[in-house]
Amino acid sequence: MQSSAVPELAHTHTRPIHWLATATAVAGVVAFSSVLQPGAATAAQPAAPQTKSAPAHTTPPDPAAVTFPIECGPVKAVVKKRASGDLDGDGRPETVAVVHCDSPMGTPPDGVYVLTRGADGGKPRLVATLLDPKDGTTVTDFAVSDGAVTATLLGYSSADVPRCCPDQKTDVKWRWHSGSFVRSTPAGARSV
């Protein structure tokens, strides 16, 4: 039997613990490298500094600063949903708020209101009612995009339908046109 000049080394014989240690080390490197990713590369030029002709206030109006024309009796009005966007093309965002009474029972009807602020960036003010709560409908799938307000309205075909269970569904769109909001039903919209 021949003897080797190099003694037998323990790490040359793999055991399950070695594989576990290697897998743990590789997983740690992969996890750490995913945290340290470089930023996305872009070919865009840096933004130019804003000039003095920029709008005075580009923060959307806050619905909390407005009193809505909704009768709630002993409970308060709450903003259920809100979205902002430039609806009239003036470069300043408006806020559209879906508001209802904070009723402890049932499904209270919604109102949809448009808020704006003047060019001086003053206090928010209500400028339009798109949907009056007196109509008795509720709003789902609400959005503001591309200068329009879209929503799905749930309503009732008659007073005999229980207020828990709307039996009508209508998709609607409001768009600013010639100084007022015009309501339309998008193509392909259907009622239940």
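A salt bridge here is a side-chain nitrogen of Lys or Arg within 4 Å of a carboxyl oxygen of Asp or Glu. The model on screen is predicted, and the tour starts with its salt bridges, then moves to the sheets and ends at a pocket.

**Stop 1: Arg-82 and Asp-62**

Select Arg-82 and Asp-62 and show their side chains. The two form a salt bridge, with the closest N and O atoms 3.3 Å apart. Arg-82 belongs to strand β1, whereas Asp-62 sits in the loop between α1 (16–35) and β1, so the pair ties together parts that are 20 residues apart in sequence. Turn on the surface to look at both ends. Arg-82 is partly exposed, at a relative accessible area of 49%. Asp-62 is also partly exposed, with 35%.

**Stop 2: Lys-80 and Asp-110**

Stay on strand β1 and select Lys-80, then add Asp-110. Their closest N and O atoms are 2.8 Å apart, in a salt bridge. Asp-110 comes from the loop between β2 and β3 and Lys-80 from strand β1, so this contact ties together parts that are 30 residues apart in sequence. Which of the two counts as buried, and which as partly exposed? Asp-110 is the buried one, at 0% relative accessibility. Lys-80 counts as partly exposed at 34%.

**Stop 3: Asp-90 and Arg-92**

Now select Asp-90 and Arg-92. Their side chains meet in a salt bridge of 3.0 Å, N to O. Asp-90 has 29% relative accessibility and counts as partly exposed. Arg-92, at 17%, counts as buried, because the cut-off for buried is under 20% relative accessible area. The structure holds 3 salt bridges.

**Stop 4: the sheet β1-β2-β3-β4**

Switch to a cartoon view and colour strands β1 to β4. They form an open sheet of 4 strands in the order β1-β2-β3-β4, with antiparallel pairing. Which strands stand at the edges? They are β1 (77–85) and β4 (125–131); each has a single partner strand, so one side of each is left without a neighbour in the sheet. Neighbouring strands of this sheet are turned by 30° against each other on average, direction ignored.

Zoom in on the middle of the order. Strand β2 (residues 94–101) runs antiparallel to strand β3 (residues 111–116), and 5 bridges join the two. To see one of the pairings, select Val-98: its bridge partner in β3 is Val-112.

**Stop 5: the sheet β5-β6-β7-β8**

Move on along the chain and colour β5 to β8. These 4 strands also make an open sheet, in the order β5-β6-β7-β8 and with antiparallel pairing. At its edges are β5 (138–145) and β8 (180–184), each pairing on one side only. The twist from one strand to the next averages 20°.

Select β6 and β7 next. How many bridges does the pairing of β6 and β7 run over? Strand β6 (residues 148–155) and strand β7 (residues 168–177) pair in the antiparallel sense over 8 bridges. Pick Thr-150 and look across to β7, where Lys-173 stands opposite.

**Stop 6: the largest pocket**

For the last view, select Pro-69, Ile-70, Glu-71, Cys-101, Pro-109, Tyr-113, Thr-129, Asp-132, Pro-133 and Lys-134, which line the largest pocket. Its volume is about 170 Å³. Coloured by class, the lining of this pocket shows 6 nonpolar, 1 polar and 3 charged residues.

Technical notes:
Residues numbered from 1 in each chain as written. Predicted model: local features only at pLDDT ≥ 70, side-chain atom pairs only at ≥ 80, totals over all residues. Heavy atoms only, no water. Pairing = 2+ DSSP bridges. Axes fitted to C-alpha atoms, helices over the stretch in contact; angles between N-to-C directions. Buried < 20%, exposed > 50% of the residue type's maximum accessible area, 1.4 Å probe, protein only. 1 Å grid on protein atoms, 1.4 Å probe; cavity = no way out; pocket = protein on both sides within 12 Å on 5 of 7 lines; lining within 4 Å. Points joined across faces, edges and corners; volume = space filled by probe spheres on them. Nonpolar A, V, L, I, M, F, W, Y, C, P; charged D, E, K, R; others polar.
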